[in-house]
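Subject: Structure for your review

Dear colleague,

Please find below the structure that I am handing over to you. My findings follow directly after it, and I should be grateful if you would read them alongside the coordinates.

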Amino acid sequence: RVDDELVDSFFMPAQDEGSVEALSQIYCNDPGKTPFDLHAEYGDSTLKDVPIHLVWGNSDAVTPLEGGVGQFYKQLADADTDTDADGQGEVDIMDSDCLVSMKVLDGGHVPFDDNFVESNDELVAWLDEVIVG
């Protein structure tokens with residue numbers, strides 16, 4: 001959902017002194033390690049110790065589910081689940097060897113803006129499962 005408040009949240013900071021230089025640094029510098037690099041560096045043991053839950057927009061044009069990063073996480077989430085080919089379905093993280101789970105919702109790159117009710121409900125349910133069990 002794009003509204004005046006969202007547009008202002010991007011536009012207003014751009015008016016601040018030094019903002020052009022800051023944005024230039026973001027877009028021109030080394031972006032850092034990729035998810036592939038991080039998982040390779042920390043190894044599979046991290047995936048067994050640190051739960052990761054991804055809420056992915058099915059219309060994400062920036063990092064599409066069909067792209068490399070999307071497929072990487074989808075395969076990790078699918079490893080111990082009955083998730084169907086579209087990434088839909090629930091993950092029983094407490095019974096998994098791998099603590100990566102994913103929920104694909106209607107939305108774009110920031111599903112929390114596009115589909116905030118379902119995104120929030122999904123995260124609350126996941127946190128409840130992880131924390132309360």
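Which residues of E2 are buried on one side, and which on the other? Val-100, Met-102 and Val-104 cover one face, while Ser-101, Lys-103 and Leu-105 lie on the other, and all of them are buried. Strand E2 spans residues 100-105, and because 6 of its 6 residues are buried, the strand is largely enclosed by the rest of the structure. Please bear in mind throughout that this is a predicted model.

Overall architecture

The protein chain contains 6 helices and 2 strands. Read from the N terminus, its elements follow the order α-α-α-β-α-β-α-α. Of the 133 residues in the protein chain, 27% are buried.

The strand pair

Strand E1, residues 52-57, runs parallel to E2, and 6 bridges join the two. One of the residues involved is Leu-54, whose bridge partner in E2 is Met-102. Met-102 belongs to the face of E2 that also holds Val-100 and Val-104.

Trp-126 and its surroundings

Helix H6 covers residues 116-131 and includes Trp-126. This tryptophan has a relative accessibility of 14%, which is why Trp-126 counts as buried, the cut-off being under 20%. The side chain of Trp-126 makes a polar contact of 3.4 Å with the side chain of Ser-101. Ser-101 is itself a buried residue of E2, on the side shared with Lys-103 and Leu-105. Trp-126 can also be related to Ile-52: the two are 74 residues apart in sequence, yet their C-alpha atoms are 10.0 Å apart in space. Ile-52 falls within the range of strand E1, residues 52-57.

Helix H4

Helix H4 comprises residues 68-78, and its buried residues are Gly-70, Tyr-73, Lys-74, Leu-76 and Ala-77. They lie on the same side of H4, because they cover an arc of only 160° around the axis.

Lys-74 deserves a separate remark, since this residue is buried with a relative accessible area of 10% and its side chain also meets that of Asp-78 in a salt bridge (2.5 Å, N to O). Asp-78 and Lys-74 are 4 residues apart in helix H4, so about one helical turn separates them. Asp-78, by contrast with its buried partner, is partly exposed, with a relative accessible area of 23%.

The other salt bridge

How many salt bridges are there in total? The count comes to 2 salt bridges. Besides the pair in H4, the side chains of Glu-41 and Lys-33 meet in a salt bridge of 2.4 Å, N to O. Glu-41 is partly exposed, with a relative accessible area of 43%. Lys-33 also counts as partly exposed, at 48% relative accessibility.

A nonpolar patch on the surface

Finally, I would draw your attention to the surface. Val-2, Val-7, Phe-11 and Met-12 together make a nonpolar surface patch of about 410 Å². Of these residues, Val-7 is placed in helix H1, residues 4-14. Its relative accessibility is 44%, and Val-7 therefore counts as partly exposed.

With kind regards

Note on methods:
Residues numbered from 1 in each chain as written. Predicted model: local features only at pLDDT ≥ 70, side-chain atom pairs only at ≥ 80, totals over all residues. Heavy atoms only, no water. Buried < 20%, exposed > 50% of the residue type's maximum accessible area, 1.4 Å probe, protein only. Arc of directions from axis to C-beta. Polar contact = N/O pair within 3.5 Å; in protein donor to acceptor, adjacent residues only side chain to side chain. Patch = residues over 30% accessible without salt bridge, like charges linked within 9 Å, V, L, I, M, F, W, Y side chains within 5 Å. Areas by Shrake-Rupley, 256 points an atom, 1.4 Å probe, with all protein chains shown as cover. Salt bridge = Lys/Arg side-chain N within 4 Å of Asp/Glu carboxyl O. Pairing = 2+ DSSP bridges.
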